[in-house]
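Visitor: Please take me through one part of this model in detail. I would like a close look at a single chain, with every cut-off stated.

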Amino acid sequence: MALDQSFVGRSYPPTDPYEVGREKIREFAEAVGDANPAYTDSEAAKALGHPDVIAPPTFVFAITFKAAGQVIQDPQLGLDYSRVVHGDQKFAYTRPVHAGDRLTVTSTIEAVKSLAGNDILDVRGDVHDAAGEHVVTAWTKLVARAAEPAAEEA
Amino acid sequence: MTAKISYDDVEVGTELPAQTFPVTRATLVQYAGASGDFNPIHWNEKFALEVGLPDVIAHGMFTMAEAIRVVTDWAGDPGAVVEYGVRFTKPVVVPNDDKGATIDVSAKVAAKLDDRQVRVDLLAKSGDQKVLGMSRAVVRLA
């Protein structure tokens with residue numbers, strides 16, 4: 001089913017603030033096996049000029065993707081989430097996320113396309129801190145694969 | 001931001017130290033918990049097969065997180081990363097054994113930009129499959 005084109009350009013209200021915790025950053029860094037002290041040692045992070053431990057570059061995806069959920073699950077859009085795969089992901093940083101940040105995400109639908117039976121959705125998440133300053137923007141391309149006969153896999 | 005590599009010391013073609021990252025089923029369960037992505041294709045073989053995958057696959061965002069380590073380990077300060085983008089071209093298939101899979105990442109400086117920034121192009125493979133395409137980071141060097 002083709003997605004509703006009228007959704008292009010639509011923005012959703014900013015999310016409630018997500019408070020970035022020092023131990024959540026540590027948990028994430030450990031899960032990706034990254035021992036960079038900037039993620040776990042606030043003195044090491046300060047020596048690099050950061051106010052506190054910083055988060056690995058892709059950490060913020062958990063926040064932006066949750067925010068994108070209000071787009072993905074919007075029944076009027078008609079996306080079949082059971083067939084969705086992650087196509088592309090990009091981040092542009094004004095500064096790294098750090099412990100103590102209170103981040104809000106504003107999600108915008110940048111593009112809605114149908115290509116060879118696949119539905120393609122581009123969502124932008126603009127992330128701001130408590131002072132309203134820009135921190136990072138995340139672009140997520142989701143592809144809902146065309147339904148195909150199971151026999152084709154064999 | 002305090003990168004340990006100087007812009008003046010790199011040229012187009014400068015190679016970053018390559019790294020190999022192991023990934024097992026246990027890694028994926030840990031990543032699921034840390035990231036909040038509990039999609040069963042990343043831990044439930046039966047479910048993965050039912051939706052047409054060859055086996056359990058790694059989270060794309062896990063692969064993306066590993067690949068940038070080649071850049072952040074080189075630059076020293078992860079805060080030096082200004083932009084980072086990838087295309088997920090093939091999944092990293094993770095068998096249910098004690099070895100799992102590996103993600104091999106190499107990278108080189110592809111362009112020198114203004115403001116002491118460089119563009120680094122990354123290559124990520126698992127076995128002989130290229131798992132990330134259009135994989136690029138912009139980094140501000142010292």
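Guide: What follows is a walk through chain B, from its overall layout to single residues.

This is a predicted model, in which local features need pLDDT of at least 70, side-chain atom pairs count only at pLDDT 80 or more, and totals for chains, interfaces and linings use all residues. Residues are numbered from 1 along each chain as its sequence is written, chains are lettered from A and ligands numbered from 1 in the order in which they are written, and side-chain values use heavy atoms, with hydrogens and water left out.

Start with the layout. Chain B has 4 helices and 5 strands. Helices (H or I, at least four residues) and strands (E, at least two) are DSSP runs, numbered from the N terminus. Along the sequence the order is β-α-α-α-α-β-β-β-β. The C-alpha trace of chain B spans about 50 × 30 × 25 Å along its principal axes.

Next, contacts and surface. Contact means heavy atoms within 4.5 Å. Of the contacts in chain B with a separation of 6 or more, 67% join residues 24 or more positions apart. The accessible surface of chain B is about 6,400 Å², and carbon and sulfur atoms hold 51% of that surface. Accessible areas come from the Shrake-Rupley method with a 1.4 Å probe; for residues, only the protein chains shown count as cover. Chain B has 142 residues, and 50% of them are buried. Buried means under 20% relative accessible area, exposed over 50%, and partly exposed in between (1.4 Å probe, protein chains only).

Now the interior. Helix α3 of chain B covers residues 60-67, and because 7 of its 8 residues are buried, the helix is largely enclosed by the rest of the structure. Those buried residues are Met61(B), Phe62(B), Thr63(B), Met64(B), Ala65(B), Glu66(B) and Ala67(B). This helix also has a role as cover: α3 of chain B is among the elements over the buried residues of α3(A).

A nonpolar core is a set of buried Ala, Val, Leu, Ile, Met, Phe, Trp, Tyr and Cys residues joined through side-chain atoms within 4.5 Å. The largest one has 70 residues. Those with the most contacts inside it are Phe91(A), Val71(B), Trp74(B), Tyr84(B), Val118(B), Val139(B) and Leu141(B). Take Val71(B). Beyond its neighbours within four places in sequence, Val71(B) touches Leu16(B), Val81(B), Val120(B), Leu122(B), Ala137(B) and Val139(B).

Move to strand β4 of chain B, residues 117-126, where Ser126(B) sits. Ser126(B) counts as buried because its relative accessibility is 13%. A polar atom of the Ser126(B) side chain lies 2.9 Å from the backbone oxygen of Thr102(B). Leaving aside neighbours within four places in sequence, Ser126(B) is in contact with Val92(B), Ala101(B), Thr102(B) and Val131(B).

Two backbone angles deserve a check. Arg116(B) is a residue other than glycine with a positive phi, near 60°. Arg116(B) belongs to the loop between β3 (101-112) and β4 of chain B. At 34% relative accessibility, Arg116(B) is partly exposed. Met134(B), also other than glycine, has a positive phi near 50°. Met134(B) lies in strand β5 of chain B, residues 129-140. With a relative accessible area of 55%, Met134(B) is exposed.

Note on methods:
Polar contact = N/O pair within 3.5 Å; in protein donor to acceptor, adjacent residues only side chain to side chain.
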